[in-house]
Each structure stands twice: as structure tokens, then as C-alpha cells.
Number of protein chains: 2
Amino acid sequence: MRKWVKKATDVRKGELLDSAQALFFSKGYDATTVADIMERAGVSKGGFYHHFSAKEDLLEALAARMAAESLKRLQPVLEEPGLDAVARINAVLLQSRQLKLEDAPAIRAAFDAIFKPENIVLYHRLNRAVSQVVLPLFVDILKQGKAEGLFRIDDPVTTAEIILHLGTSTRDAVARAIEATGTPRAEEAADALDERLRQHGIATDRILGLPDGTVAFFEPGFSRAALAVSAKKAE
Amino acid sequence: MRKWVKKATDVRKGELLDSAQALFFSKGYDATTVADIMERAGVSKGGFYHHFSAKEDLLEALAARMAAESLKRLQPVLEEPGLDAVARINAVLLQSRQLKLEDAPAIRAAFDAIFKPENIVLYHRLNRAVSQVVLPLFVDILKQGKAEGLFRIDDPVTTAEIILHLGTSTRDAVARAIEATGTPRAEEAADALDERLRQHGIATDRILGLPDGTVAFFEPGFSRAALAVSAKKAE
């Protein structure tokens with residue numbers, strides 16, 4: 001009986017997340033209410049608050065679930081034998097960008113909200129949740145690169161934490177690019193974001209002891225494509 | 001008349017901050033209430049909420065004011081002619097640590113709260129406020145080092161932002177060391193914090209294009225001294 005109850009509440013939690021995802025992706029995060037999510041999932045107030053205390057919790061849980069799903073889709077690249085650690089990082093980054101572009105309109109509807117000034121807390125919560133999912137795999141790649149003599153690093157875990165943390169330093173540039181979408185400042189903001197991503201790549205290279213320009217966080221045209229897809233959707 | 005009113009409200013804001021500082025330093029942040037602060041400053045509820053919407057706002061404003069005051073005390077080192085950029089950074093870091101040790105019990109009473117898990121938002125708010133105060137001076141030092149050919153960097157502003165941001169990656173190690181104070185895990189947590197600060201220094205070196213171990217974020221004994229001073233106070 002115990003087990004059955006446990007399973008039932010887990011299922012309900014998954015259904016709440018599925019409903020939140022569908023609504024955040026279609027209507028957008030801001031336009032979705034907790035009442036909408038409960039109604040769609042067919043879950044009572046009590047059932048909802050058993051699992052989540054606010055809409056923010058759902059977005060955080062959704063980000064962690066999507067990160068875990070992305071890792072599953074990236075599994076072939078993460079396990080492909082012939083790749084050295086540098087090639088593996090760049091293959092992972094390239095595929096992540098492709099996944100993001102495919103889902104760009106839905107992702108932006110759900111997650112653009114975290115780049116608003118009033119949601120900086122939520123941004124950090126999501127970043128932390130996603131980092132926890134990604135960390136073990138990133139540590140494995142750093143261990144590989146250290147063993148191959150490619151990365152000049154002491155402790156793969158600390159280095160992985162530092163680099164994942166560094167990702168949050170691009171937040172303001174992303175926020176400005178999103179805010180400028182569809183305005184005369186859009187081009188300038190997209191250029192600034194690209195430059196910031198390039199600098200972020202160089203900082204990562206150096207922390208790993210690699211030549212500048214090795215790790216490709218920046219790809220010409222990606223920021224514009226990710227921003228434009230959604231601009232078209234908004235028309 | 002207008003000017004006089006403006007001046008009066010600025011004075012009141014300063015008095016609220018002075019009172020908050022005195023109470024946070026003596027009783028600690030958590031034990032101080034907004035009512036305590038209003039009473040000490042002799043300011044009404046209306047007067048308080050004209051300037052601040054919560055106790056957190058006072059801590060943020062206090063952190064920014066203390067950062068600006070520290071910069072004033074560091075002015076001689078910041079302007080001393082004979083120092084190259086590396087010597088200047090290390091002199092600033094050394095003096096900052098000395099100032100922190102002098103005020104350690106008061107600083108910890110006021111600011112340990114931001115390292116609690118429930119206050120992560122407040123931590124990021126304070127970090128952002130302090131970074132804005134420190135950024136222009138740090139950019140100046142990076143420009144100097146670039147001109148001297150010591151720092152291998154493109155854009156001093158972006159690099160300064162990245163390095164200041166990187167500081168927040170030490171948060172969890174600081175939090176664990178504070179939490180472990182006075183427990184059997186204290187030694188281990190202090191060692192882990194030292195190692196984390198050393199790694200943070202190396203990441204900074206590399207982002208600036210310097211040999212590992214150049215920028216001295218880590219100083220043997222500092223973490224223990226900063227943690228111990230307060231432990232003694234708590235006895």
C-alpha cells in the first residue's frame with residue numbers, strides 16, 4: 001500500500017510538471033497561473049502544494065528535468081570512443097546549441113522570464129539546479145582531458161564548478177539581447193552578446209590551460225538565430 | 001525649500017543606515033528587527049519605508065557603503081606611483097584582508113547571514129552592489145596591466161566583470177566553513193576553503209594571462225584567522 005501511494009504521488013508530480021511544461025511552452029511562463037496548471041493536470045490545490053510551493057518551483061524542476069533529458073540526447077557524443085576531451089566538449093556544445101535552436105520558441109516562452117531584473121533569484125536557482133545535473137558529466141570530461149595531458153588542471157571537480165559558475169557571468173548580456181529584440185538596439189545587443197560569449201570561451205580556455213579560441217562557446221550567427229526564431233514567433 | 005527637503009531625506013537615510021550598521025554589528029543581522037532600527041534612528045514607519053522596503057535593503061546599502069569606504073582607505077595603494085599592476089592588485093588584496101581581520105567580528109555579525117541557504121538571493125544582491133562599487137577601480141588596474149604588457153587581455157571591462165563575477169563561485173566553500181565553525185568539521189572546512197581560494201587565484205591568474213600563483217587571493221592562515229576571531233567572540 002505504501003509503495004502504491006508513493007508511486008501515485010510521483011506520478012502526480014510528473015503530471016504537474018508535464019502540464020506546466022506544456023503551458024509555459026505555449027502561453028509563456030508569465031501568462032501561466034498555478035490555477036491553469038492544476039486544472040490541466042486535474043490535480044487539487046492540496047495535491048499541488050504537496051509537491052510545489054509556487055510557480056517558480058515548477059520552472060526550477062522543469063529546468064532540471066530538461067537538463068537531464070538533454071544529457072540523454074547527448075549520450076552518444078558523451079560516450080563516443082574516438083574523441084579526445086577537447087573534441088568532446090566542442091561536440092557537446094555544438095549539439096546543445098542545435099537542440100536549443102530546435103526548441104527555441106518553446107524554450108524562450110518558458111525561460112525568458114528568468115532574465116528579467118525582478119527574477120534574478122529565480123535565475124540563480126535554475127542555474128544551480130541545472131549545474132547539479134550537468135556537473136558529474138563535465139567532471140568526467142575534465143578527468144579525461146587531464147589524463148590525456150590536454151587540460152592543465154589540478155582538481156577536475158573544483159575546475160568544473162568554477163567553469164559552470166562562470167556561465168552565470170553572461171546573464172546580463174543575454175538579458176540585454178532579449179530585451180532589445182525587435183528594437184533598433186537589437187543588432188548592437190546581439191553583437192555584444194556574441195563578444196561576451198567569445199570572451200567567456202577564452203576565459204574557459206585559459207582556466208583549462210588551452211590556447212585562446214579552443215572551446216567554442218561562441219558560434220557566429222547562433223545568438224542571432226536563437227533570438228530571431230522567437231522574434232518571428234512573436235509576430 | 002525643495003533642496004532642504006531633499007537634504008533632510010538624505011540625512012534620514014544615512015541615519016537609518018548608521019543605526020542598521022550599529023545594530024547589525026553588535027546584535028547581528030538576524031537578531032535585529034526593522035522596529036529596532038527605526039527606534040534607534042528615531043525615524044517613523046513612513047520615514048523608513050520611504051527609503052527601504054525591507055531589512056534586506058539596508059544590508060545591501062550597507063555593503064555598498066562599506067565597499068566605498070574601503071576603497072577610500074585603499075586609496076594610497078590604488079594611487080601609489082611605483083607599483084606595477086600585479087604589485088597593485090596584490091597590495092590591494094593584502095590590505096583588504098587586513099581591514100577585514102580588524103573588523104572581522106562586526107563584519108561576521110552583519111554578513112554571515114547571507115551565507116545561509118535561504119539567503120542566497122540576498123547574497124547575490126550584495127555581491128552585485130559591491131561589484132558595481134569596485135568595478136571602475138578594478139578596470140583601471142586592468143588597463144594599467146594591459147598597457148604595461150603584464151596582462152594578456154582584450155577588453156579590460158569584460159575581463160574585470162568576469163573576474164568579479166568569479167568571486168561568487170567561492171560562496172559555497174565560505175558557507176561550509178562558517179557552518180562548521182566550532183564543530184569537529186571546522187579544520188577540514190577551513191582547509192577546503194583555503195584550497196578553493198587558491199584555485200580561485202589560479203583561475204584569476206590564467207584569465208589575466210599570468211603564471212599560476214601570481215594573484216594572491218589565498219594567504220596561509222587568513223581563513224582560519226577570519227573564522228577564529230568570530231568563534232572567540234561567540235564564546
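**Helix packing and the chain contact**

Let me start with one crossing in chain B. H9(B) and H10(B) cross with a left-handed sense. Before going on: this is a predicted model.

Now, how is such a pair described? Two numbers do it: the angle between the helix axes and the distance between those axes. For the pair in chain B, the helices are H9, residues 171–180, and H10, residues 186–208. Their packing angle is about 160°, and the axes are 8 Å apart. Angles over 145 degrees count as roughly antiparallel. So H9(B) runs roughly antiparallel to H10(B).

Which residues meet there? From H9(B) come B:Ala173, B:Val174, B:Arg176, B:Ala177 and B:Ala180. H10(B) answers with B:Ala186, B:Ala189, B:Ala190, B:Ala192, B:Leu193 and B:Arg196. By class, this contact has 9 nonpolar residues, no polar ones and 2 charged.

Over to chain A. The secondary structure comes to 12 helices and 0 strands. Size next. Chain A has a radius of gyration of 19 Å, and the globule rule gives 18 Å for 235 residues. Those values are close, so chain A is as compact as a globular protein of that length. Along the principal axes, the C-alpha atoms of chain A fill a box of roughly 55 × 55 × 30 Å.

Two helix pairs in chain A. First up, H4 with H8. H4(A) covers residues 55–73, and it packs on H8(A) at about 25°, axes 9 Å apart. That angle makes H4(A) roughly parallel to H8(A). Left-handed or right-handed? The crossing of H4(A) and H8(A) is right-handed.

The contact list here includes, on H4(A), A:Leu59, A:Ala63, A:Ala67 and A:Leu71. On H8(A), it includes A:Leu122, A:Leu126, A:Val130 and A:Val134. Charged residues take part too, among them A:Glu56 and A:Glu60 from H4(A) and A:Arg125 from H8(A). The class count for H4(A) with H8(A) is 13 nonpolar, no polar and 3 charged.

Next pair: H9 with H11. The axes of H9(A) and H11(A) come within 11 Å and cross at roughly 170°. H9(A) and H11(A) are therefore roughly antiparallel. H9(A) brings A:Thr159, A:Ile162, A:Ile163 and A:Leu166. H11(A) brings A:His200, A:Ala203, A:Thr204 and A:Ile207. That contact splits into 5 nonpolar, 3 polar and no charged residues.

Now the contact between the chains. How many residues does each chain give? Chain A gives 16 residues and chain B gives 17. Three helices of chain A give two or more residues each: H8 (120–147), H9 (156–166) and H11 (186–208). We have just met those helices: H8(A) packs with H4(A), and H9(A) with H11(A). On the chain A side, the residues divide into 6 nonpolar, 5 polar and 5 charged.

Last topic: symmetry. Two copies of a chain are related by a rotation about an axis and a shift along it. What are the values here? A turn of 180° with a shift of 0.0 Å along the axis lays chain A on chain B, at an RMSD of 0.0 Å. That is the relation of a two-fold axis. And the surfaces? 100% of the interface residues of chain A are also interface residues in chain B, so the copies meet through the same surface.

How values were computed
Residues numbered from 1 in each chain as written. Chains lettered and ligands numbered in written order. Predicted model: local features only at pLDDT ≥ 70, side-chain atom pairs only at ≥ 80, totals over all residues. Contact = placed C-beta atoms within 7 Å. Helix = DSSP H or I, 4+ residues; strand = E, 2+ residues; numbered from the N terminus. Axes fitted to C-alpha atoms, helices over the stretch in contact; angles between N-to-C directions. Parallel < 35°, antiparallel > 145°, perpendicular 65-115°, else oblique. Left-handed = near helix turned anticlockwise from the far one by under 90°. Least-squares fit on C-alpha atoms with pLDDT ≥ 70 in both. Rg over C-alpha atoms; globule rule 2.2 N^0.38 Å.
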